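Student: Please give me a close look at the largest pocket. I would also like to know how the strands beside it are arranged.

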Amino acid sequence: MLILREENFGGIAFNAAAGIRLHLDGEGFSALRQFADGHALQPQAEPFLREICRELELPHRERFLVRPSSGAGIAPTPFAVLRAPLLVDLQITNHCNLRCPHCYMASSAAGAHAPLDDILLALDQCAEAGVLEVALGGGEPTTHPHFADILAAARQRHLVCNLATNGKSMTPRLARMLAKHCGAVALSI
């Protein structure tokens, strides 16, 4: 799914499935937005749309989701300013099943998990602000008792999850879940 997010310089086109984004100037974003809104394309815009789809690794005529702008937006400036972060780091737990000497979080088996309601609120706020990606962190994020629910909730809000894991909890089921819901997964060793 392609997400379009308006900015003061034009906008961002984001392939949520592949985690690929393009920054477009005002004219390019306007043409893409008009197409997304169902307006007929001018013949000269067709090659532009094909190129955008190629760069974003989207099939031509992909389904679009246009995120509504929150609030009044950003006032015009002579330089590009994002109206919201593109990526938010969200620590969902301080629990970890290892004690790595290089860990900067000082997480441990005694660490606590963030309440699911707090995480869902944070995901709602990220989606409302126009955030595109959420990096789930910890501790070891896969040890959170509601980890599957968190991934599904982020995907439902059209947020791409990324995470780093130590891999100790990896199972075929977890690997399938990560493949379905995550844009990127890093193995921290």
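Tutor: Helices (H or I, at least four residues) and strands (E, at least two) are DSSP runs, numbered from the N terminus. This is a predicted model, in which local features need pLDDT of at least 70 and side-chain atom pairs pLDDT 80 or more, while totals for chains, interfaces and linings use all residues. Residues are numbered from 1 along each chain as its sequence is written, and side-chain values use heavy atoms, without hydrogens and water.

Let's begin with the whole chain. Its C-alpha atoms fill a box of roughly 60 × 35 × 30 Å along the principal axes. The chain has five helices and eight strands, and along the sequence they follow the pattern β-β-β-α-α-β-β-α-β-α-β-α-β.

Now for your pocket. A pocket is an open set of points on a 1 Å grid over the protein atoms alone, where a 1.4 Å probe fits, with protein on both sides within 12 Å along at least five of seven lines. The largest one holds about 550 Å³ of space, counted as the space filled by probe spheres set on points joined across faces, edges and corners. It is lined by 25 residues, each with an atom within 4 Å of a point. Nearest its centre you will find Cys-103, Tyr-104, Met-105, Gly-138 and Gly-139. By class, the lining has 13 nonpolar, nine polar and three charged residues; Ala, Val, Leu, Ile, Met, Phe, Trp, Tyr, Cys and Pro count as nonpolar, Asp, Glu, Lys and Arg as charged, and the others, Gly among them, as polar.

Next, look at the strands. β5 (87–91), β6 (133–137) and β7 (160–165) each supply at least two residues of the pocket lining. These three strands also belong to an open sheet of four, in the order β5-β6-β7-β8, with parallel pairing. β5 and β8 (182–187) stand at the edges with a single partner strand each, so one side of each has no neighbour in the sheet. Direction ignored, neighbouring strands here are turned by 20 degrees against each other on average, using lines fitted to C-alpha atoms, with angles running from 0 to 180 degrees between N-to-C directions.

Strands count as paired if DSSP finds at least two bridges between them. β6 and β7 pair in the parallel sense over four bridges, and Val-134 has Cys-161 in β7 as its bridge partner. Finally, helix α5 (residues 172–181) lies across β7 and β8, running at about 130 degrees to β8; contact means heavy atoms within 4.5 Å.
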